[in-house]
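Q: Please take a close look at strand pairing in this model, with attention to the partners of individual strands. What else should be kept in mind when reading that part?

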Amino acid sequence: MNAGGRIESGPSVVLKGPSGSAFGMAVAAAGDLNQDGFQDFAVGAPFHETGSVMIWTGSSRGLSVEPSQVIQGSRISPGFRTFGYSLSGGLDVDGNKYPDLLVGSLDNTVALLRSRPVIHLNKTLRVSPDIVDPNRCWFCIQVEVCFSYSFSSGEKSDRDITVNFTVSTDITSFKSRLLFQDNGQSVFSDSLSMPKSWCKTLSVGLQSQIRDKVEPLVFSLNASLYEKLSKKRNSIQDLNHFPVLSQTPRPMKTQIHIQKACGSDNRCHSNLQMTAQFTDENHKPFDMQEGSQVLHYNGSINLLLLEVNVSNTPSPGQPAEDAHNAFLNISIPPSLIYSGVRTKGDIAVVECSVDYTVLLCELGNPFKSNQKVQVLIHFQSSEISLDTREIQSVLQLSTLSEQASLSPVYVSMLVEYSLQTSLTLINQLGPISFGGYVIGESAMKKTVDVGSLLLFTFQVHLSGKPLGRLGNLTVEFDWPREVSNGKWLLYLTEIQVNGTSEPHCAPPGNIINPLNLTLSKEEKKRSLEEKMMERQGEQRENTLHVLLQGQKKKSYTLDCVHGANCVTFVCPLVNMNNSASLTVRARLWNSTMIEDYNDVRSVLVRGRATLKLQTTKPTINMESRSAKIEIHINPDWGQQVDSGAPLWIIVVSVLAGVFLLALICLLLWKCGFFRRASTRELYKAKTLKAHMKSQPSEANRLTEEL
């Protein structure tokens, strides 16, 4: 401290005691209490509980922040309240060559603390052999424990010193691989009395079926002095019979190794390598997009596989010796459920255990050199939801062999959820007829004035989980509202929706019933009479088909590309679960058909309904589904037959009939059909004969005629 003949201005060590304890009120040089050649000192803290004295021992390293010993007044005498108020030390009161300490207080009591003799205890722990062959060891390990001691004051003594010791085996393993022959346990405790005995030898053996052959077998020795204090506390004792150790006992350790097939140095250097990818249940890897696998998920996918390939083969500069206690650690993705494991390769069975979200698979002990294995982890995909964006898993290989390049492998797969939907038109319209007379738009009051009722019912079905807050399904209509010249064609009157939170579809743009016509009862339920008329129309079509074959009238097709002006609108299926239906009611504009298509054979009107997905989630997709809307329209059949035949056909038909009648008459004349015998004589004979017999029989009359 006074190097160069002066004291430094700053402290080298600052010691602090308990708050409010008056720590440092008394400080005294205590001399060399432990006889280690370094001076010690004592510090009083009289107001710490019942008072205390703290001892700091000097050493070659200087002072420690914490005291080496704390003496509490309550343990010396129950009458102390200010123990340590004053201190005096450095004098050997009892003549045992160790300085003592005098402690004062404000309690009318002074305590003399005598120093006990200090012993330096030396201990050794020897274990042989250095390498153990597990196939040839039957308590083949010898453990030798030896002790010696000396007094710190330098005096020689032949007093008996008893040392208690404990030997522990394989202290670094969770479960010891060794047993002592004497007690059949992994820990052995005993005592030695010196100088009668200095050493003790113990036999240790390996347990059967050792799994861990890489970790060394570590032995530990703990020792302490046996103390038996006198029961006479009021009498002055000879402290030479109660020595203490110079230092707090610390355990002594040594280790040996188990023989392994890993070269002359008995150190195994493995070279475990791993690759992983997701596959379907047919072991086909999923497609790659921008360096990541992509799963196009739908409700039909029930099983996913994580294919892991592990090898232990040499590479340039890296040998591949046995990998002891080789394990594969896999994190289970939260959207998948572990269901099993299969293996292919050099290992018949790989055992795996699940611990919460971690799957631990044992690959082998050891996983031998040049060995390969394919592990197929089976996962159920039932937890994949519409908002699942990515499936991730972290794979980590571990081994007790030496290998520095065991980095984790990250496997990820993007999820694109493909909705399985259908859109079906469940009722097909029969042929629709038009006829009658033209009614102006301003004269129409009810929807029945427009024309025939058209009714379409669309069924929407969604497999799997509903969209919920992630989006909506929508039905988009391409509706042929007008013909190309701007006249009305199909007039929408109402769209009802079932299975959603919105019972009606009312798209913007005044598309539904723009003329505000009064809905007739037919809009709610089709009449039986109309259905009967459709059936009669089908029968008429079949009956009169032959008559129309000779006519040259045209058939027209009106759709959104040719002949019709279409309007596009959308009906959202808000809060739909798994099914919904849309009922579309419309009217055929009868006046347009009479004015523009009265002389045609038939008109086919086409539209389209398309089911689409509306969402902000890029991972959810759906293939659009479409349904055709077709209306077959025919003029009234009776009107078409009566007035539709051209004049020249009628004239030709009349002439042909007259000619045929003349030909028949000529043939009959040639055959003598028009010849007649003279009936006068015949009647005359019959009259004469009638006078002879008033009632001739049928047989006689026939004979006479012949």
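A: The strand pairing is described below, followed by the loops, a cavity and the confidence of the model.

The model is predicted: local features need a pLDDT of at least 70, side-chain atom pairs count only at pLDDT 80 or more, and totals for chains, interfaces and linings use all residues. Residues are numbered from 1 along each chain as its sequence is written, and side-chain values use heavy atoms, with hydrogens and water left out.

Strand S8, residues 118-128, has an antiparallel pairing with strand S10, residues 141-151, over 10 bridges. Strands here are DSSP runs of E with at least two residues, numbered from the N terminus, and two strands pair if DSSP finds at least two bridges between them. Within this pairing, His120 has Ser150 of S10 as its bridge partner. S8 is also joined to strand S16, residues 244-245, by two bridges, and here the strands run parallel. Ile119 is matched with Leu245 of S16 in that pairing. In general, strands of a sheet pair through backbone hydrogen bonds, in either the parallel or the antiparallel sense.

The loop between S8 and S9 contains Pro129. The peptide bond leading from Ser128 into Pro129 is cis, with omega near 0°. Beyond this loop, S9 belongs to an open sheet of five strands with mixed pairing, in the order S9-S17-S15-S11-S13. Strand S9 (131-132) and strand S13 (187-194) each have a single partner strand, so one side of each is left without a neighbour in the sheet. The partner of S9 is strand S17 (residues 252-258), which runs parallel to S9 and is joined to it by two bridges. Across this pairing, Val132 stands opposite Ile258.

Another open sheet has four strands in the order S1-S2-S3-S4, paired antiparallel. Its edges are strand S1 (26-31) and strand S4 (69-72), each pairing on one side only. Direction ignored, neighbouring strands of this sheet are turned by 20° against each other on average; the axes are lines fitted to C-alpha atoms, and angles run from 0 to 180 degrees between N-to-C directions. Strands S2 (residues 40-45) and S3 (residues 52-56) are antiparallel and share five bridges, and Gly44 faces Val53 of S3.

Two further loops carry backbone features. Asn365 and Pro366 are joined by a cis peptide bond with omega about 5°, and Pro366 lies between strand S25 (358-364) and strand S26 (371-380). Asn108, not a glycine, has a positive phi of about 60°; its loop runs between strand S6 (100-104) and strand S7 (111-113).

Strand S28 (residues 409-425) supplies four residues to the lining of the largest cavity, the largest share. Lining residues have an atom within 4 Å of a cavity point; a cavity is a set of points on a 1 Å grid over the protein atoms alone where a 1.4 Å probe fits but cannot get out. The residues lining this cavity are Gly299, Tyr417, Ser418, Leu419, Gln420, Ser463 and Gly464.

As regards confidence, the chain averages a pLDDT (the predictor's confidence in each residue, from 0 to 100) of 83, with 86% of the residues scoring at least 70. Residues 681-695 have a pLDDT below 50, and this stretch has three contacts beyond near neighbours in sequence, a contact being heavy atoms within 4.5 Å.

Terms used. 1 Å grid on protein atoms, 1.4 Å probe; cavity = no way out; pocket = protein on both sides within 12 Å on 5 of 7 lines; lining within 4 Å.
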